[in-house]
Amino acid sequence: MTVRLGLSLPQMRQYSLGTDVPDVARAAERIGYESLWVFERALFPEPATQGLYGLEGVPWPERYRGVADPLVTLTLAAAVTERARLGSSVLVAPLHNPFQLAKSLASLDAASGGRVVAGLGTGWSLDEYAAAGVRPFEERGRVLDEIIEVCRAVWGPDPVHYDGRITKIASAVVGPKPARPIPIMLGAHGGKALRRLVDHADGWLPVGMGAEQLATQWRELRDLAAERGRQEPIETVLRVNAVYTLKAYDGSDRRPFQGSVDQIVEDLVAHAAVGLEEILIDLQATPRDARELKDVAAEVYEKARAAGV
């Protein structure tokens, strides 16, 4: 089965936000990518309170210095494209005021003609929460729950009513409304997060770490959905963090999506066989500039389609 392919927009510091984002967005749509994606890194702590992903002793990569704001990046892309969906994988939702996040996403969806995919997560950085979190790190799950509820309320019919721990809307008209119901997708791992996804979200945003592991996670999620009586299908977009190199990587310990274009495509084929609907390919980390990013993205797309992805 052919899956949809998406491309991450250039947010890292080797790119020019004002010129490279529109340029890459136009090129990606022209190549055939069906969606454009952003991620969120609010800051680069120096020194860091904790390691990458909360793992002790693992340094933050230099490419995380100066990551552009995700919603600004999506807005730039929306202005120069016509068809591609505009998604986040993921916004660290508890770093945002729930009402303002809901209104910003609704405005972007209205402006783009109904193309937004709200991919949300809780994040892991204590430093980001200290700088921007609306509640302490320990309450991140409850904050995400409220954000989902506030989004549904704000995007729904007027007058809007909501009475939560953070957000209080007595009775108000809130516009603009989204052009259509915005899908909420979650980057979720572990029992409580997966139950939240099954009960309250439209879809799942896994990360490609190996085809067998992905297949196991997908099976477990579907089993959980059946246990909890979910009737609606779960949308899926697999995130692939690719480390592109000009020459093939010849190490026996090569990680998935590390190496030449051919090696990346080989891993795409294996992961596509799991049966998810869409694969988001993030290639921005290693190209030197937007021109190289566009060239690599075109080659990956053409070879992936030729390989049946």
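**Close-up 1. Who glutamate 146 touches in this predicted model.** Setting aside residues within four places in sequence, glutamate 146 is in contact with Tyr162, Gly164, Arg165, Ile166 and Thr167. One of these partners gets a polar contact: a polar atom of the glutamate 146 side chain sits 2.9 Å from the backbone nitrogen of isoleucine 166. Glutamate 146 belongs to helix 5. With a relative accessible area of 5%, glutamate 146 counts as buried, because the cut-off for that label is under 20%. Proline 94 is 52 residues away along the chain, yet its C-alpha atom and that of glutamate 146 are 9.4 Å apart.

**Close-up 2. The largest nonpolar core.** Here we're looking at a set of 88 residues. Trp155, Leu268 and Leu283 have the most contacts inside this core. Helix 5, which spans residues 140–155, chips in nine residues, the largest share. As a rule of thumb, nonpolar side chains in soluble globular proteins tend to be buried together.

**Close-up 3. Leucine 268 and its contacts.** What does leucine 268 touch, not counting residues up to four places away in sequence? The list runs to Val240, Phe257, Ile279, Ile281, Val300, Ala304 and Val309. Leucine 268 is also one of the residues with the most contacts inside the 88-residue core. Apart from that core lies another one, made of six residues. Among them are Trp37, Met185, Leu205 and Val237.

**Close-up 4. Serine 88, a buried residue in strand 3.** Strand 3 covers residues 85–88, and serine 88 is part of it. Is serine 88 buried or exposed? Its relative accessibility is just 2%, so it falls under the 20% cut-off and counts as buried. The serine 88 side chain reaches the backbone oxygen of glycine 119 at 2.9 Å. Neighbours within four places in sequence aside, serine 88 is in contact with Trp37, Val38, Val117, Ala118, Gly119 and Leu205. Two names there, Trp37 and Leu205, also turn up in the six-residue core.

**Close-up 5. A nonpolar patch on the surface.** Which residues form this patch? They are Tyr53, Leu55 and Val58, and together they have about 270 Å² of accessible area. Tyrosine 53 sits in the loop between strand 2 (35–38) and helix 2 (70–78). At 47% relative accessible area, tyrosine 53 is called partly exposed, because that label covers values between 20% and 50%.

Technical notes
Residues are numbered from 1 along each chain as its sequence is written. This is a predicted model: local features need pLDDT of at least 70, side-chain atom pairs count only at pLDDT 80 or more; totals for chains, interfaces and linings use all residues. Side-chain values use heavy atoms; hydrogens and water are left out. A nonpolar core is a set of buried Ala, Val, Leu, Ile, Met, Phe, Trp, Tyr and Cys residues joined through side-chain atoms within 4.5 Å. Buried means under 20% relative accessible area, exposed over 50%, partly exposed in between (1.4 Å probe, protein chains only). Helices (H or I, at least four residues) and strands (E, at least two) are DSSP runs, numbered from the N terminus. Contact means heavy atoms within 4.5 Å. Patches are made of residues with over 30% relative accessible area and no salt bridge: like charges are joined within 9 Å, nonpolar side chains (Val, Leu, Ile, Met, Phe, Trp, Tyr) within 5 Å. Accessible areas come from the Shrake-Rupley method with a 1.4 Å probe; for residues, only the protein chains shown count as cover. A salt bridge is a side-chain nitrogen of Lys or Arg within 4 Å of a carboxyl oxygen of Asp or Glu. A polar contact is a pair of N or O atoms within 3.5 Å; within protein, one must be able to donate a hydrogen and the other to accept it, and residues adjacent in sequence count only if both atoms are side-chain atoms.
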